[in-house]
Amino acid sequence: MKKSTRVHHPSPVQVPADNRPVVAPIYQSVKFEFDTVEETVRSMRGERPGFFYMRASNPTTRQLELTLAALQDRDDCLATASGVNAITQTLLALTKQGDHVLCFIESYGPTRYVIRRLLGRFGVTHTMLSITDLVGIEQALATTPTRLVVFESPTNPVTKIADIEAITRLARRHGAATLLDNTLAGLHQHGQYDIDFFLHSLTKYASGSGDVMGGAVIARAELLRPLRIEFSVQGGVLDPHSAFLIQRGLRTYFVRYREQSAAAGRIAEHLARHSAIAGVHYPGLPTHPQHALARAQMTDFGTVVSFDLRAGAEAGRRFTESLRLFAKAASLGSTESLALAPQMLQPHDLTPEQRTTSGITDGLVRLSIGLEDVDDLLADIDRALAAAA
Ligand SMILES: *Cc1c(COP(=O)(O)O)cnc(C)c1O
């Protein structure tokens with residue numbers, strides 16, 4: 001064998017069956033082979049376990065999928081290259097021309113875009129309500145045959161809480177499937193409810209470090225089976241190196257989520273006492289209009305805190321620019337704290353009336369609380385509030 005051939009045939013290193021790595025290795029391989037053609041064909045037909053091509057599955061990505069499914073109290077999962085990709089692929093897989101989708105003003109912006117602009121182009125219609133309008137939800141489901149209800153809880157940035165028990169009961173009664181983007185609540189919450197599909201951006205709490213993107217749809221295996229082939233042909237799969245990093249991030253998920261939630265609660269309480277602030281939005285605050293519902297549904301209230309500055313948008317800009325420990329950056333759920341000024345939060349696709357309903361005011365600032373010392377964060381916030389006054 002010439003050396004130029006040899007480099008393509010590295011020596012196989014067999015790890016004995018009784019000798020396992022404590023951390024699973026990264027299977028950084030697109031292709032997998034079997035000894036015989038017959039076994040390859042059986043594998044491609046799904047008649048035996050194994051791997052063939054990374055776009056369909058990969059051991060490292062599969063390990064992450066099984067971990068994610070277990071955390072969300074379901075038995076199967078498909079991991080994707082980003083959270084938005086999970087949303088888009090799932091919506092495309094579940095709808096067809098003539099279907100109707102119920103969605104919400106308070107949803108993640110790109111989700112609204114996919115439903116209105118992308119699905120709209122393919123003849124899928126929608127109704128958009130406010131997530132707290134249970135009467136409207138019941139009416140819409142009773143009068144319009146609906147394929148899917150797509151919602152979030154808590155919502156971002158105003159942390160409204162969806163009544164998950166009521167929404168899933170109404171959807172079930174009227175034959176609609178439910179899809180909950182559970183990114184903000186995290187993988188360990190809401191699993192007890194009758195949700196068909198959970199969506200997650202793994203970019204946020206799962207990875208936790210702000211250095212990798214990923215997404216997932218989690219459901220019972222029988223519900224995911226028809227999606228698997230479509231996800232494979234759309235090709236927006238999570239690569240094994242990212243899957244490895246996210247799997248590593250999950251090791252500290254519970255410690256991070258709980259510690260950062262506790263810090264967010266302290267910061268929300270502190271902000272609520274400040275005279276420059278008209279209102280603080282955090283589900284863990286007793287003054288939150290849906291605090292009782294949040295308590296009933298959740299064990300941890302998350303790390304997103306938003307508040308309305310009485311002095312408006314310019315004060316919000318000065319506040320965020322005066323912060324030293326918070327990056328003025330999008331996203332959430334990482335170990336570093338972030339802040340969004342009012343100018344960065346305005347939803348441009350909503351009508352003025354829908355914007356009012358959304359609760360996003362001219363002076364709204366959003367914080368995402370990280371793992372820094374909470375007293376340092378409070379001092380930074382106080383300094384920035386004084387500078388903004
Ligand atoms: C960030 C986010 C997404 C999108 O996730 P990406 O990984 O950035 O594509 C979807 N839904 C919610 C609620 C999010 O916060």
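The questions and answers below concern a predicted model, its two domains and its ligand.

User: Where does the domain assignment of the chain place domain 1 and domain 2?
Analyst: The centres of the two domains, taken over C-alpha atoms, are separated by 26 Å, and their contact takes 40 residues from domain 1 and 39 residues from domain 2. In the domain assignment, domain 1 covers 37–252 and domain 2 covers 253–388.

User: What area is buried between domain 1 and domain 2?
Analyst: The size of an interface is often given as the accessible area lost when the parts come together. Between domain 1 and domain 2, carbon and sulfur atoms give 54% of that area, and the whole is about 3,100 Å².

User: Which side chain meets that of Asp349 in a salt bridge?
Analyst: Between the two domains there are two salt bridges, and the count of residue pairs in polar contact is 27. On the side of domain 1 that touches domain 2, the elements giving two or more residues are helix H5 (109–121), helix H7 (164–173) and helix H9 (240–250). A salt bridge requires a nitrogen of Lys or Arg within 4 Å of a carboxyl oxygen, and at 2.8 Å, N to O, the partner of Asp349 is Arg112.

User: Which residue has a side-chain N or O atom 2.6 Å from a nitrogen atom of the ligand?
Analyst: The ligand is surrounded by 14 residues, with Val84, Asp181, Ser201, Thr203 and Lys204 the closest. An oxygen atom of the ligand lies 2.8 Å from a backbone N or O atom of Gly83, and a side-chain N or O atom of Ser201 is 2.8 Å from a ligand oxygen atom. For the ligand nitrogen atom, the side chain at 2.6 Å belongs to Asp181.

Methods. Residues are numbered from 1 along each chain as its sequence is written. This is a predicted model: local features need pLDDT of at least 70, side-chain atom pairs count only at pLDDT 80 or more; totals for chains, interfaces and linings use all residues. Side-chain values use heavy atoms; hydrogens and water are left out. Domain bounds come from an automatic or database domain assignment. Contact means heavy atoms within 4.5 Å. Buried area is the accessible area (1.4 Å probe) that two parts lose on being put together, summed over both. A polar contact is a pair of N or O atoms within 3.5 Å; within protein, one must be able to donate a hydrogen and the other to accept it, and residues adjacent in sequence count only if both atoms are side-chain atoms. Helices (H or I, at least four residues) and strands (E, at least two) are DSSP runs, numbered from the N terminus. A residue is near a molecule or strand if one of its heavy atoms lies within 4 Å of it.
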